[in-house]
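Hi everyone, thanks for coming. I'd like to walk you through a structure that is new to most of us, so let me put it up on the screen.

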Amino acid sequence: MYHQPVFKNRRTLLERAEKFISDCYFTDCNLRGRLYGESCPVESILSSLSHKRIPYSEAVKLNYEPYKVGDTFGPTWWTCWFKVVVRIPELWRGKQVHLQWESDGEAMVWKDQQPVQGLTKEGEKSSYILTECLTDSEPHSMTLYIELACNGLFGAGQGSMIAAPDPDRKYSVQKAELVVFNQDVRELLTDFEMLVDIVKLLGEGDQRGYQALFTANEMVNVCEPTNPSSFPVARSLALTFFSQRNGESQHTVHAMGHCHIDTAWLWPYEETIRKCARSWVTVIRLMEKNSHMVFTCSQAQQLEWVKSWYPGLFSQIRDYAKKGQFIPVGGTWVEMDGNLPSGESMVRQFLEGQRFFQKEFGNYCREFWLPDTFGYSAQLPQIMLGSGITRFLTQKLSWNLVNTFPHNTFYWEGLDGSQVLTHFPPGNSYEMKGKVEDLVNTVKNNKDKGRANHSAALFGFGDGGGGPTQLMLDRLNRVQDTDGLPRVQMSSPDRLFSLLEAESSLLCTWTGELFLELHNGTYTTQAQIKLGNRQCETLLHDVEVASSLALCENNAFQYPTTQLQNLWRLLLLNQFHDVIPGSCIEAVVEDALKYYQEIRTVGTKLLQKSCEALVATGQTGVRGQRTEVRVPAVLNTLPWERSEVLPLTDGTTNQPVLALVTVPSVGVVSVKEGSGTPPAVSVKVQVDGTVIMENGILRAVVNKDGCLASLNLVRSNREVIYDGCQGNQFVMFDDVPLYWDAWDIMDYHLQTRKPVVEVLHPIQVLSSGGLRGSVTFTLKISEKSTITQEVILDAMCPYIKFKTQVEWLEAHKMLKVEFPVRVRSPEATYEIQFGHLKRPTHRNTSWDWARFEVWGHKWADLSEHGFGVSLLNDCKYGYSVHRNVMTLSLLRAPKAPDANADMGTHQFTYAIMPHKGTFQEADVIQCAYNLNYPLRLMDHTPGSSTAVWSSFSVSTAAVILETIKKAEDREDALLLRLYESHGSSVSACLSTCLPVREAWHCDLLERVDPSCPVPITEVGIPLNFRPFQIVSLLLYLRQSEPF
C-alpha cells in the first residue's frame, strides 16, 4: 500500500490519533463512535423506594410502580429497587448485547436471586453483559432486579468529595437500554489508547515513542470505522509493535487486581457491606473470563460481612481462592490505623484476622497489607513477625508533605530489632488503571534501581470500591513484554515478595517508625471516638483479667469467650483507619459511638459478673490470709502494687467517702485491710487569691485563672515551671488546613497562638485536704465555648491531675494545653505500643520540622540528666514538645467530612508528673497505666467474703504484664503477654499462685513453640527479655481444687 510521506510533525500526528478515538470530538466519523451499535429501550422498568438496606428476599416483595428514565428519587442513603424486564430483538442474533445502565448511584444487578454484577458509572462499570453472542437457544427475554444505593462511589459530599453529605440529594437513572456492543472496536480502541499513551509518556527524546506515533498514524490510515473488515489490518500493526520485546534486564511489574474498600469513611458501615458485594461479584465475573487474573483482598471483617449477607458470593470467592486467583492478604480484622490502637489491640487485629483467614481459606496470610493508613508504629515489625507475617506492603508515605521517603523496597526494622521486607509500590497508588502512565511511573519512581528489579502495580478502582475492569486487564495484556516499557505479568504477592527476597542482598534498612508527614490532625479529631477507644481497650483488658481469675478461682464460672470476641471485634472495627482517626462522616461517628456504648454496657456486666465470682460465698480459697468481714473489696488488674485514693459509698448515707487503699499486684483486697494513714494533703488560699496545694511529694501554686505559677518536686526542691511562664496554660489556634480538613494540621497554625485568659469563675476550693485536695475554675474560650477544670492532688500521688470539661462550639479552631518546663533536652520520649521512642525537640532539619505535631499514647516525657517531667493523659494522642514547652492537643473543630465534628461536651483528664532520675526509675510508665486503669470496686452481696491475694507479680518494673486471658483453643490454659518497657535487656521472674503445671512460649497467634518449654521453679517462671521484646506465654493449669 502506497502512502504519501508525512511531515515529522509530532503534534499533528499525535492529535490526529487522539481525535480518532475521542469520545468528545468527531464521534460521528471516528472509531469511538462505533463502539456501540443498535439500541432499543428495555421492555419495562418498575421501581420501589426503601429507606432501609434490605435483602433481596424482602426487595422482591415490595410494591413496584412504573419508573420513567430521568425521574428522581432519594434522598441520600435510601435504596431504590428496580424491576427491569428486557427483551433482546431477534435481529441481534450473533451479537454481543449489553444492558446499559447509567445512574448517579451505586447499583447491583440481581439475576435468578443472586447478585451478578456491580454497576457504578464512577467506576467505569455502566453495562451488564446479557449475552456474549446471542443464539436462538438462549432466552431473549429476562427479568432483572437492580438495587441502587442513593450514594455515589465516594458518598454524597455537598460541593466536594470530602464535604459533609448532602442529606437531601436526589438521584436518577439517566440511561437504561439494550445495546449491541462491538468487541472488535473495543480491542482496537485499546490498541490506540496504549500507543497514544506511549507517545506521550516516553516523550520526544525517545525513539520508541516515535515508533508508537508512526504505528498509530498508520493504523488511522488503514482503519475505516464503518468497515470492520479493515480492523484486522490495523490490529496487526499494533500487534507488531507490542510484540517487540524487552531486554533481559528490564524491570518487571507484578500486576495484581485490587479494590481498596474503606470499611467506613464517606459512607456508613452498612453501605460498605454492599460495596464489598458489588465490587467482589464483579471480580468473580472477570475471573470467569480471564483465568490468569489475580485479585488481592484484605480485611477479614469485610469477608465476614459478605459471608453473612451474601453466602452464595462468598462460596464463589472461596472457590477462586482455591484456584489461587482470589488471594486473601493482610492478616488483620480491618486495615487499622497504624498509630492510635494500643499494642494489645494491634495483636488482636492480627489474631482475629489470621484465625479467620485460616478457618475460611485454609492459610495464614504472609503479607501485612496496609496501603492507606496515616503512619506506622515502630512496633509493627515485631507484631507482624509474631503473627506469622514477614512481608509488608503499603504506599501512604508517598503522601509526605515535606520529605520524600528514600526507599521503595527495603527492610523495616522495628523497635526491638525485628525486620520485615517492605515494599512501597513505586507507582505511588493502590488504584492504578493499567495505563502506560502507571507502568512508566513504576519504573521512574523506583528509588531502589539496581537493588530491586521487581515492583507491584495494584490496579482497580478503590477507596469506595469498584475494583478492576476488563479494560484494565486488556491494557496490561497488550504490554506484557513490550520494548520501551517494563515487563508486566499478572502476579501474586507471594511471587513478588519471593523474587524480592531472592535479590535482597543490596537492600537498605530503615529503623524506627514510618512517620507520615501529613494527616497529623487525626491524632485529635473526633475526641469522643478517641475516648471511647481508650476506655474500651481498658475495660476489655479488665474483663479478661477478672474473668481469667474467676475461671481459676470459681469452678462454676463460665469464661465469656463468645461475648468477649464479639466486643473485641466491635472495638477492632472502630480502629479502621478512617474511624478512630476521626476522618469520617457524622453517620459513621454515630455508629462508632453506638458500638463503644455497646462495649461499655456489655463489658461492664461481664466485669461485674466476674467480680461477683471472685468474691462468691464458699468459692474463695486462698494461699494466705482471708477475711469474712463484709466490707467492699477492690480489684487491681495491673501487675504492681498500687496505693491510691478511691471514692467509696458510705453504707448508711450513700455519700462518697474517700479511702486510701493499697492493692497487691493483679489481686484483690478489702478496703479495711488496704487502708492506711498517709501524709495529709493541704490546700491553702493565699492573700493574693492563689492556692497552694501540697502532699509531701509535690507543691503547686495555682493562679486564679487555673494556671500553675509553680510546681515543685519537694524532696529535690526542684522547680518545674520555666521562669516567667505558667503551666497548664490553655491556648487556641486557627486551624485551617490546605484541603484535608479533619485530617491535617498545618505548620502555619503555630503562628496563630492565642492564650485563653478570660476567667468566668475564678479558682475556688472544692476539697481542702485530707486524702484529696482539689480546686476548680472556669475559663471562657469564646461566646460559645468554656473550660471548667478541677485540679486534683491526692495523698501519696506523684502527679497532679487536671480533670477537665469543655463546652466546645468552635469552627476551625484548635485547643491545646502547654507546660513550659525547666528541662533542656534535644529529645522527648513518647509512649507507643509495647514501648516508647524518642523524637527531636528541635527543628534542625526538614525531617525534624515535619514532626511539629506527633502522636503518642498514655504519656510523654522530657528529661535531662537526673530530672524530668512527664505528661500523662487518659484519652489523648496528639503531642508537641518543642524546646522546653510540652504541649498536649485537646480538641479540634473541622467541618469536613463531618460538619459537626467534636461539637458538644468533652470530659478528659491529664496530669503532670515531675520526677527525679529517669522516667524509668520514677515509674512514669506505671503511673500512666494507673491513670488509665482504675481500681475496680467490687460490691459485696450478703454473706460474701473476700480473700486478700495476688495472682501474678513480676520481679522487675521493666517488664509489664499486659494481658491475661483464656487461651484461644484450650479450656485449661491462660495466655499471658508481657513486654519489656524500659528499653533494656533484662531477666525477670513471673510469680503466680495459680496451679500452673506447664508453661510454653507461643507466638501472637498462640501457636506453641514445642522447642521452647519454660521452666517453672519454686519462685516462679524465669524469663529473659531483649529491649522492647513482646513475650507470650501459655500457662497450662492443673485440674484441681480452685486456688
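Let's start with a sheet. Six strands line up in the order β3-β2-β5-β10-β7-β8, forming an open sheet with antiparallel pairing. At the edges sit β3, residues 65-66, and β8, and each of those pairs on one side only. Inside that order, look at β5, residues 79-87, and β10, residues 141-149: they run antiparallel and are joined by nine bridges. If you want a spot to click on, try Cys80, which stands opposite Leu148 in β10.

I should say right away that this is a predicted model, so keep that in mind as we go.

Okay, zooming out. How many helices and strands does the protein chain have? There are 19 helices and 57 strands. The radius of gyration is 32 Å, close to the 31 Å that the globule rule gives for 1043 residues, so the chain is as compact as a globular protein of that length. Along the principal axes, the C-alpha atoms fill a box of roughly 105 × 65 × 60 Å. Of the 1043 residues, 63% count as buried. And if you take contacts between residues at least 6 apart in sequence, 74% of them join residues at least 24 apart.

Next, a run of strands further along. β35 covers residues 772-780 and pairs with β36 in the antiparallel sense over nine bridges. The two make a hairpin with five residues between them, and Phe777 stands opposite Gln789 in β36. On to the next partner: β36 is also joined to β37, residues 800-808, by seven bridges, again running antiparallel. Here Ile787 stands opposite Val806 in β37. This pair is a hairpin too, with five residues between the strands, and Met796 in that hairpin takes a positive phi near 65°.

So is β36 mostly covered or mostly open? Mostly covered: eight of the nine residues in this strand, 786-794, are buried. As a bit of background, in a regular strand the side chains alternate between the two faces of the sheet.

There's another hairpin to show you, made by β54 and β55, with five residues between them. In its turn, Glu1006 has a positive phi of about 65°. The strands themselves, residues 996-1002 and 1008-1013, run antiparallel and are joined by two bridges. The bridge partner of Trp1000 is Pro1013 in β55.

Let me pause on a single residue, Leu750. You'll find Leu750 in the loop between β32, residues 729-734, and β33, residues 754-755. Is Leu750 buried, partly exposed or exposed? It counts as partly exposed, because its relative accessibility is 26%. Leaving out residues up to four places away in sequence, Leu750 touches Phe733, Lys816, Arg843 and Phe852. For a sense of scale, Leu750 and Asn408 are 342 residues apart along the chain, and their C-alpha atoms are separated by 33 Å.

Now for the empty space. Rolling a probe the size of a water molecule over the atoms shows where empty space is left.

First up, the second largest pocket, with about 1500 Å³ of space. The elements giving two or more residues to its lining are α1 (10-20), β6 (96-103), β8 (114-119), β9 (127-131), α3 (183-202), α6 (269-289) and α12 (470-478). You'll recognise β8 there as an edge strand of our opening sheet. Which element gives the largest share of this lining? That's α3, with six residues. In total 48 residues line this pocket, and those nearest its centre are Tyr36, Glu124, Ser127, Arg186 and Leu471. By class, the lining has 14 nonpolar, 14 polar and 20 charged residues.

Then there are the cavities: seven of them at 30 Å³ or more. The largest holds about 240 Å³ of space. It is lined by 24 residues, and Ser342, Gly343, Lys858, Tyr933 and Glu962 are the closest to its centre. At least two lining residues each come from α9 (343-361), α14 (527-553), β39 (827-832) and β51 (959-966), and α14 supplies the largest share, five residues. This lining divides into nine nonpolar, seven polar and eight charged residues.

That's my tour, so over to you for questions.

How values were computed. Residues numbered from 1 in each chain as written. Predicted model: local features only at pLDDT ≥ 70, side-chain atom pairs only at ≥ 80, totals over all residues. Heavy atoms only, no water. 1 Å grid on protein atoms, 1.4 Å probe; cavity = no way out; pocket = protein on both sides within 12 Å on 5 of 7 lines; lining within 4 Å. Points joined across faces, edges and corners; volume = space filled by probe spheres on them. Helix = DSSP H or I, 4+ residues; strand = E, 2+ residues; numbered from the N terminus. Nonpolar A, V, L, I, M, F, W, Y, C, P; charged D, E, K, R; others polar. Pairing = 2+ DSSP bridges. Rg over C-alpha atoms; globule rule 2.2 N^0.38 Å. Buried < 20%, exposed > 50% of the residue type's maximum accessible area, 1.4 Å probe, protein only. Contact = heavy atoms within 4.5 Å.
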